[in-house]
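The following paragraphs lead a new reader through one molecular structure. They take up single residues, strands and helices in turn.

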Amino acid sequence: PDEQALVRQFGEVTDIAGPGLHWHAPAPIAKHDIVKVTQVQRMEVGFRSQPSGVVSTNPVEALMITGDENIVDVEMVVLYRISSIQDFVLNVRDPGELDRGIGDRPDGRTLKDVAEVALRGVIGQRIIDDVLTSERGIIEQEVKDNMVALLDLYQAGILVEQVQLQTVRAPDQVQAAFDDVVSAKEDRTTGQRSPGIRR
């Protein structure tokens with residue numbers, strides 16, 4: 001019930017079939033592609049979850065530069081589904097992604113690149129304090145909007161349902177220094193709000 005089939009005869013689309021028993025001429029006259037269109041799928045950016053529960057980081061995807069030229073480590077999950085089987089099967093040529101087990105489908109390299117471009121573009125417009133603290137919800141919404149616009153431009157047949165920032169932190173090499181800065185800012189803010197405290 002969650003699948004559709006795109007049927008082509010002599011290369012021309014003749015039917016988009018839903019659940020049930022269907023027939024078409026044998027290959028090479030006709031062929032079909034079956035795609036799960038209602039299932040919400042998950043893509044990880046900046047990290048990989050293994051079936052054993054082990055999570056490994058992917059620094060090539062995760063490390064990016066903020067608008068004030070600091071480096072931040074961002075991990076994100078994209079939830080998506082197929083919105084148009086015809087666009088999904090026919091419009092985008094994709095090299096696929098072996099580590100996610102995806103072949104020539106636009107939710108392979110194309111979706112990964114779109115997610116990275118959208119995330120880096122949004123992070124690159126903000127200072128590191130906003131990225132680490134107050135603007136996570138705004139960042140998620142902007143990344144989602146940018147991804148939707150790019151995927152619509154490509155006519156990829158993919159609808160982004162949700163973008164979730166998992167981890168946003170300074171790189172491990174400088175995490176202690178960032179913690180000190182955040183702690184000092186909190187102390188200063190607390191001191192400004194408490195009239196009895198003098199610094």
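A convenient place to begin is G46, which counts as buried because its relative accessibility is 0%, where the cut-off for burial is under 20%. The model in which this residue is seen is a predicted one. G46 lies in the loop that links strand 4, residues 41–45, with strand 5, residues 47–49. Leaving aside residues up to four places away in sequence, G46 is in contact with T57, N58, E61, A62, V74 and E75. A further reference point is D145, which stands 99 residues from G46 along the chain. The C-alpha atoms of G46 and D145 are 20 Å apart.

Strand 4, at one side of that loop, leads on to strand 8. Strand 4 and strand 8 run antiparallel and are joined by 5 bridges. Within strand 8, the residue that stands opposite V45 is M76. Is strand 8, residues 71–82, enclosed or open to its surroundings? Of its 12 residues, 10 are buried, and strand 8 is therefore largely enclosed by the rest of the structure.

Strand 8 also has other partners. Strand 7, which covers residues 63–65, runs antiparallel to strand 8, and 3 bridges join the two. One pair between them is formed by M64 and its bridge partner in strand 8, V72. Strand 7 and strand 8 form a hairpin with 5 residues between the strands. In this hairpin, E69 adopts a positive phi near 65 degrees. Strand 9, residues 158–169, is likewise antiparallel to strand 8, and 10 bridges join these two strands. Here R81 has L159 of strand 9 as its bridge partner.

Another part of the model holds an open sheet of 3 strands, in which the order is 2-1-3 and the pairing is antiparallel. Its edge strands are strand 2, residues 12–17, and strand 3, residues 30–36, each of which pairs on one side only. On average, and with direction ignored, neighbouring strands of this sheet are turned by 20 degrees against each other. Strand 1, made up of residues 3–9, pairs with strand 3 in the antiparallel sense over 7 bridges. An example of this pairing is R8, whose bridge partner in strand 3 is K31.

The loops between these strands have features of their own. The loop between strand 1 and strand 2 contains F10. Although F10 is not a glycine, its phi is positive, at about 55 degrees. F10 counts as exposed because its relative accessibility is 66%, the cut-off for that class being over 50%. In the loop between strand 2 and strand 3 lies P28. The peptide bond that joins A27 and P28 is cis, with omega at about 10 degrees.

The account now turns to the helices. Two packed helices are described by the angle between their axes and the distance between the axes. For helix 3 and helix 5, the latter covering residues 136–154, the angle is about 135 degrees and the axes are 9 Å apart. Helix 3 is therefore oblique to helix 5. Their crossing is right-handed. On the side of helix 3, the contact is made by T110, L111, V114, A115, V117, A118, L119, V122 and I123. Helix 5 contributes I139, E142, V143, N146, M147, L150, L151 and Y154. Grouped by class, the residues of this contact are 14 nonpolar, 2 polar and 1 charged.

One of the contact residues, T110, merits a separate description. T110 belongs to helix 3, which spans residues 109–123. Is T110 buried or exposed? With a relative accessibility of 13%, T110 counts as buried, since the cut-off is under 20%. Beyond residues up to four places away in sequence, T110 touches V92, D94 and Y154. Of these, Y154 is also among the residues through which helix 5 meets helix 3.

The path from helix 5 to strand 9 passes through a loop in which Q155 is found. Phi of Q155 is positive, near 50 degrees, and Q155 is a residue other than glycine. Q155 counts as partly exposed because its relative accessible area is 48%. Strand 9, at the other side of this loop, is the strand joined to strand 8 by 10 bridges.

Definitions and conventions
Residues numbered from 1 in each chain as written. Predicted model: local features only at pLDDT ≥ 70, side-chain atom pairs only at ≥ 80, totals over all residues. Heavy atoms only, no water. Helix = DSSP H or I, 4+ residues; strand = E, 2+ residues; numbered from the N terminus. Buried < 20%, exposed > 50% of the residue type's maximum accessible area, 1.4 Å probe, protein only. Contact = heavy atoms within 4.5 Å. Pairing = 2+ DSSP bridges. Axes fitted to C-alpha atoms, helices over the stretch in contact; angles between N-to-C directions. Parallel < 35°, antiparallel > 145°, perpendicular 65-115°, else oblique. Left-handed = near helix turned anticlockwise from the far one by under 90°. Nonpolar A, V, L, I, M, F, W, Y, C, P; charged D, E, K, R; others polar.
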